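The following exercises are to be worked with the sequence and the predicted model at hand. Each task is followed by a solution in steps.

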Amino acid sequence: MYKVNDDFLWGVATSASQIEGAWKEDGKGMSIADCLRFRPAIDVKDYKKVNEVDTEEIEQALSDTNDKNWAKRYGVDFYHYYKEDIAQLAEMGIKAFRFSIGWTRIFPEGTEDQPNQMGLDYYLELVKELRKYQIEPIVTLSHYDMPLAIVLNSDSWYDRQTIALYEKFATTVIDYLSEYVNYWIPFNEIDSIIRHPFASAGLVKDRFTGKNFEEVIYQSMHHQFIASALVVDYCHKNYPKMQVGCMITKTTIYPYDSHPENILQSMLQMREVYAFSGIQVRGEYPAYLLKKLENEHISLSFSEGDPTFLAENTADFIAFSYYSSVCTAADTTGLKVSLANTTKGVYNKYLQQTDWGWQIDPVGIRISLVELYDRYNKPLFIVENGLGAADQLTKEGRVHDTYRIDYLRQHIQEVLRSVKEDGIELLGYCTWGAMDMISASTNQMSKRYGFLYVDLDDFGNGTFKRYKKDSYFWYQKLLDFDTEIPENFFDK
Ligand code: BG6
């Protein structure tokens with residue numbers, strides 16, 4: 001028998017720009033996500049290109065009135081479907097629902113003195129709806145969709161003033177939802193600024209000509225750390241019941257083989273992500289990051305109180321996403337390439353791949369739990385895990401996604417084994433995907449993660465109607481066990 005605590009948060013996860021749509025309704029402003037489109041001419045496996053947005057692309061987005069070209073403008077219309085969706089997810093048995101706040105619903109341009117009341121009320125209604133079913137809201141404040149106006153009228157997160165704009169947004173939302181929300185995540189996958197600086201921090205490379213763009217990214221990273229610490233400080237001072245987590249992308253990186261140089265290489269690459277959790281958990285920059293910056297002639301500007309402020313406002317828990325693992329080697333020349341979440345590495349011959357080339361590695365999620373807990377000794381929270389696949393709706397309105405059930409079955413079993421045997425402290429587990437949604441990296445609809453199929457294609461055509469997939473009924477059975485799950489439930 002596997003056991004979890006009574007308050008273990010079994011749930012699902014989403015983000016505003018990938019589900020809500022209604023991009024111009026009720027006073028919402030234009031967000032950076034509204035400038036992202038599916039570009040069929042680019043290979044979706046070429047992440048660097050898929051994620052690249054330059055000034056020209058933004059200008060096209062600003063002048064294009066055909067919303068169908070810009071997938072995150074219509075999402076899966078959760079803005080209007082939320083009551084129906086939550087009712088179906090509640091029936092499936094979830095105890096937690098992770099979603100994010102569209103910053104531009106609250107402050108359309110980011111700089112207004114007063115918040116947009118309709119935006120605040122929308123999220124208040126949403127959390128009340130969740131509470132109606134005893135579902136715990138897990139709220140990400142910023143998940144890849146800051147106001148475009150901040151990007152165009154300033155240097156975005158490179159500009160220290162953006163911290164104050166974020167602080168106003170964050171504290172306004174926290175106050176307004178305080179009665180209903182206990183768990184906050186200031187930034188989704190804060191380390192992703194290195195991989196896709198536009199989606200994570202509104203940094204458009206051609207707006208920084210003459211500057212070292214690496215330095216721009218690291219300076220912006222520092223500002224996001226201060227912004228996260230401000231959320232910790234605010235919640236701890238004003239709402240002691242609240243917990244604030246940091247969040248990283250946990251793509252486990254293995255050495256390609258046991259050659260010591262390859263083992264060292266994997267440690268060095270893992271550190272690049274651990275730097276982000278480390279700063280937020282330990283409250284200081286690790287020596288290896290400072291050395292790297294020094295060696296690369298990147299100089300960060302700190303304000304006087306920054307080190308103390310970071311040290312005094314560390315995260316309460318470590319949230320992470322886990323989808324995949326990759327290998328690495330000191331010299332990767334000639335080695336077969338494999339993909340993972342907006343990154344790539346060396347192919348692992350022991351693992352299968354998804355349709356999008358991400359390697360499927362259930363044991364990797366347990367390795368992640370062990371690594372993170374041993375390193376930080378803090379509560380962990382898996383806030384994303386799932387399989388992107390090209391599901392097919394049958395004539396009878398069914399989706400036989402046995403591959404997704406297999407993926408979840410194997411990953412969740414590893415999670416429960418870890419809880420049982422490794423002594424880790426885990427607050428909850430959320431799948432990525434509730435209903436299908438627009439892919440963050442490729443802006444495709446056909447890359448589906450949900451338990452509820454949404455009738456929509458990559459170009460915005462469809463009825464938006466929802467259908468329960470086979471995985472819906474599988475997860476429902478699991479959640480029915482609640483805190484004690486028989487081991488044979490995971491037998492194939
Ligand atoms: C995570 C992001 O990294 O991966 C999500 O937080 C995203 O926003 C998820 O959707 C899956 O990635 P993708 O690109 O397949 O949607």
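**Exercise 1. Determine which residues of helix 17 are buried, and describe the residue that follows the helix.**

Solution. Step 1: Helix 17 spans residues 470–481. Step 2: Its buried residues are Asp-470, Ser-471, Tyr-472, Trp-474, Tyr-475, Leu-478 and Leu-479. Step 3: After helix 17 comes Asp-482, with a positive phi near 65°.

**Exercise 2. Establish the strand order of the barrel and the sense of its pairing.**

Solution. Step 1: The barrel is closed by 8 strands, taken in the order 2-3-4-5-6-8-14-15, with parallel pairing. Step 2: On average, and with direction ignored, neighbouring strands of this sheet are turned by 25° against each other. Step 3: Strand 2 (residues 9–13) pairs with strand 15 (residues 426–432) in the parallel sense, over 5 bridges. Step 4: Opposite Trp-432 of strand 15 stands Ala-13.

**Exercise 3. Identify the strands touched by helix 7, and those across which helix 9 lies.**

Solution. Step 1: Helix 7 (residues 117–132) packs on the sheet and touches strand 3 (96–100) as well as strand 4 (136–142). Step 2: The directions of helix 7 and strand 3 make an angle of about 170°. Step 3: Helix 9 (residues 161–177) lies across strand 4 and strand 5 (183–187). Step 4: Relative to strand 4, helix 9 runs at about 165°.

**Exercise 4. Locate Ala-22 and Asp-77, state the phi of each, and decide whether each is buried or exposed.**

Solution. Step 1: Most residues other than glycine have a negative phi. Step 2: Ala-22, which is not a glycine, has a positive phi of about 45°. Ala-22 is found in the loop between helix 1 (16–19) and helix 2 (47–50). Step 3: Asp-77 likewise has a positive phi, near 55°, and belongs to the loop between helix 4 (71–74) and helix 5 (78–92). Step 4: The cut-off for a buried residue is under 20% relative accessible area. Ala-22, at 9%, is therefore buried. Asp-77, at 17%, is therefore buried as well.

**Exercise 5. Name the residues of the nonpolar surface patch, and classify Met-267 by its accessibility.**

Solution. Step 1: Ile-263, Leu-264, Met-267 and Leu-268 make a nonpolar surface patch of about 350 Å². Step 2: Met-267 is placed in helix 12 (residues 260–282). Step 3: A residue is exposed when its relative accessible area is over 50%. Met-267 has a relative accessibility of 51% and therefore counts as exposed.

How values were computed:
Residues numbered from 1 in each chain as written. Predicted model: local features only at pLDDT ≥ 70, side-chain atom pairs only at ≥ 80, totals over all residues. Heavy atoms only, no water. Buried < 20%, exposed > 50% of the residue type's maximum accessible area, 1.4 Å probe, protein only. Helix = DSSP H or I, 4+ residues; strand = E, 2+ residues; numbered from the N terminus. Patch = residues over 30% accessible without salt bridge, like charges linked within 9 Å, V, L, I, M, F, W, Y side chains within 5 Å. Areas by Shrake-Rupley, 256 points an atom, 1.4 Å probe, with all protein chains shown as cover. Salt bridge = Lys/Arg side-chain N within 4 Å of Asp/Glu carboxyl O. Pairing = 2+ DSSP bridges. Axes fitted to C-alpha atoms, helices over the stretch in contact; angles between N-to-C directions. Contact = heavy atoms within 4.5 Å.
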